[in-house]
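Let us take a walk through this structure together, one region after another. Please have your viewer ready.

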Amino acid sequence: MLYRTGDAVEMTAEGDLLFRGRIDDQVKIRGFRIELGEVEERLARAEGVTQAAVVVSRASANDQLVGYVLLEPGAAANVAAWKAMLAEQLPPYMIPAVIIAIDTLPRLAASGKVNRAALSDRPLPGVDVGAMEDVDGTDTERRLLELAAPLFSGQPVALDADFFLDLGGHSLLAAQFVSAARRGGIEGLSLNQIYQVRTLRRIAQLVDESAAGGSVAPPAPPERAPAGRRYLCGLAQLAVMPLLLTMQAAPWLAIFISYTLIDSDNAAIVTDLLQVFFAYAGINLALALFAIATKWLIVGRTKPGRYPLWGAYYFRVWLVQRVLSLVHMKWMQNSPILPLYLRALGAKVGRDVLLSDFDAGAIDLLEFGDHASVGSKTVFANARIDGTHMVVGRVRLGADVAVGSSCAIEGDVLVGRASELADLTALRAGTTVPDGEIWDGAPAGKVGEAKPEDLAPPPVQTTLGRGARGLAYLAMLLVLPAIAILPIVPAFRLMEWLDGFVHPVIGVSYLWYMPILALSAGAGLIAITMVLIVAIRWVVLPRVRPGRYPVSGLFYLRRWGVGLMVDAALDTLSSLFATLYMRGWYRLMGCRIGKGTEISTSFAGRYELIRLGAGNFIADDVVFADDHLRRGWLELERTETGDQVFVGNEAVIPQGIHIGTGALVGVKSKPPAGKDIGAGETWFGSPALGLPTRQRFDHDVRETFDPPLRRKIGRAAFEAFNITLPTALFITLVTIVMEVLAPVFDRQNWGKALWICVLASTLISLVQLAVGAAYKWLLMGRYRPTVRPMWSWWALRTEAVAVMYWAMAGKALLDLLRGTPFLPVALRLFGVRTGRGAYLDSADITEFDCVVIGDDAVLNNHAVLQTHLYEDRLMKVGYIRVGNGVVIGAGSTVLYDTALGDDARLGPLTLVMKGEEIPSSSSFEGAPARQTFYAS
């Protein structure tokens, strides 16, 4: 039967419920059984066919959609005509890859219905490669035919057949085909070529042209750092770790000390608020000044060059990086304060530069010309690890240069005056971008000429006005984060009020039931902070409209202040991401968000300008509608999505576009330049590639899009506990420390008090690490490859583990252990298998047991090993195997079901798609990954 939009449907088979619900969208919401029914209905109407059955073949390694047909007497099979007929009526992914005419359909004895299980297990007929057409082609064409045949069991493969529309391929099959070709010695084949030309004949031509036009990067020689040097460096890092942990905990220790030890028990709440305010603001200012002094004392001015990994100079640079990471540089973004801070650290920053949050290996080797602008989440990898050395270089951005969001730029790079880098652009070491050019992609290439004459002149500013603005931003930077932390005072008061009821009944010290009190304080802190930020947002910035605003104006100042409050509050509210409560909070902040939309990223101050349809999934760290800042102007536009849109981790969605219903933007990907995304379209990579088909997974909508009320209530309660637990644990531990400190403060023994704070900061971090690891093992045990719906108990538990991992272990300790021999050891507590000598400058791992990292492997800053995806609201988990000596560039992402061969190298911002294999001793770069070629 053919189901139509609006139909109410209940489907059963042998008494088992397969689907119940209303069909809201023929393609996206239906369970997979309904899709099969529709394909069968249309295939049964084909010429010469009397009956059809469509199944997913389990005899194929790639889960092909296979159709079986009974023919009319005397009719002949005409597979090509049948597929052409289906192609006119159905989307490509619903067309069976193989259609087979058989004499009879197997049936169930009890009901007489078609036995689908038997058809699914039925072996597919083989095809002799030697009997295929076009075997007289070139050597590359024949080799590609031989590699493609096993992927498309039971069907002939022609050189001119469309990989997706004719053969029934999808994204995973394309990745497996490319990996097989690489194993077979076909150099230069990439997923980009599959998607761009789509036939084996044209793919072979591109492979041959690549081989003729350039040479493959030479194999990477195996390199291993001396173990003795690593141990010595590790000892030095271990010696300074208590100091770093104390500095990290200092703002919170100051809050607790001011409230519990300095203030009197009967002080007015106003007194408590003022003391907490000044303690927090003072410590943050002191940390910034200390970081500047430490940088100059320890390393002076960073010197470009190559230095041994784990050597003395590496240790000094690492220590400066860790100290600087304790300063909230993000709070200063896009303000006149950040250039001042960078100049104090040694960077060269021109006039009226606008810099969003970025990460840099060596800040004092950065140079920004007048009116330059940099988008959010950019990584300046100018102190990266390349095998056994740290490579340090300069980055120069000329005047009027505009760098997009989530770019990765290595050292020894020059970007000429008035040039532009699009979002998700990667510049490898030694690149020079000439004046006035537009570059895009990973790796980057020229795509056009910039038009500096079309840029608006910067707003006129007087010297007095600049000074007043600077003072206003400095005042807000000191005041607003401290205001955002003030809800901790009423949270403490709530805890004391509850203790007033409990203690007289129990009659024991409150420390025995402190965790219960801390849970109430944690919940109160989060709730009051949310209310406070919402109130300030509407009072300070009651309306935001699309348009162009001067950065020197009052509107920009007010909007920046609200954004600062949100960033500061998210330090407290970080566990809200990917929960039901995030959606509700964003609605209160002004976003228009449809029913069932999941959000796991920050929208900063763009609330009214964002409209999301129902059933969207916006994954972790997506840059969504980032501000467009250029030459002193802020431009704002609306950004909208239809229903059931999926945006993958760390994707970039520029403001001003519309994403149609059912569309997908992949991990570390973006839409096509300057274009909206149509309904059902799939875009991947940088520059964006349109995927004609992708592997799809369908499931009961009650476990993906439309769960019953009991599941919503259960999830809300479970997430409320997990949101509160990290804060509650920290409050409990620090309260115990205050009990130890109290008599020392009474005797005014400040030296002993300092040592207690150092020891306590270290122990608290270790306890949080241990609790995070224990939580993982108790709740999830050992991770294995699986596919689970989003509303399953399994998926809720693993999301809770991810929250606990970062909110406790990650923020408390693992982030500071980056670049030390101890991070691999700490990750083993969670189940990650790490080899000897592995260097990790990233702890971004979730399904820990599915990650294997070899000896002496290197993960540079912001490299991600992503063992899961949430496409179609099904959590798909698989293994990632990183071989010995592998080097993964800054900002790169490796998806699941992948393997990186020994001594392979990935350039910056490289994307390894699911199912791909990277050969040993090879060099790859790009999104999606492709072999590195150099001009002959």
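Helix 8 covers residues 227–262, and at 1.5 Å a residue its 36 residues should span 52 Å; the end C-alpha atoms lie 49 Å apart, which agrees. The expected span here is 1.5 Å times one less than the number of residues. Helices (H or I, at least four residues) and strands (E, at least two) are DSSP runs numbered from the N terminus. Helix 8 also has a kink of about 55° at Ala250, shortly before Pro251, where the bend is the angle between axes fitted to the seven residues ending at a residue and the seven starting there.

A word on the model itself: it is predicted, so local features need pLDDT of at least 70 and side-chain atom pairs count only at pLDDT 80 or more, while totals for chains, interfaces and linings use all residues. Residues are numbered from 1 along each chain as its sequence is written, and side-chain values use heavy atoms, leaving out hydrogens and water.

In the loop between strand 6 (214–216) and helix 8 you will find Ala225. Ala225 is buried, with a relative accessible area of 12% (buried means under 20%, exposed over 50%, partly exposed in between, with a 1.4 Å probe and protein chains only). Leaving aside neighbours within four places in sequence, Ala225 is in contact (heavy atoms within 4.5 Å) with Arg230, Trp310, Thr388 and Asp856.

Next, turn to Cys407, in the loop between strand 17 (402–403) and strand 18 (408–410). Cys407 is buried too, at 1% relative accessible area. Beyond residues up to four places away in sequence, Cys407 touches Lys377, Thr378, Val379, Ala422, Asp423, Leu424 and Thr425.

Ala422 and Asp423 lead us on to the second largest pocket, since they are among the lining residues nearest its centre, with Glu420, His628 and Pro654. A pocket is an open set of points on a 1 Å grid over the protein atoms alone, with protein on both sides within 12 Å along at least five of seven lines; lining residues have an atom within 4 Å of a point. The lining numbers 42 residues, and strand 31 (628–630) gives the largest share, three residues.

Finally, two prolines deserve a look. The peptide bond from Ala442 to Pro443 is cis, with omega near -5°, and Pro443 lies in the loop between strand 23 (437–440) and strand 24 (445–449). The bond from Ser686 to Pro687 is cis as well, with omega near 0°.

Terms used:
1 Å grid on protein atoms, 1.4 Å probe; cavity = no way out; pocket = protein on both sides within 12 Å on 5 of 7 lines; lining within 4 Å.
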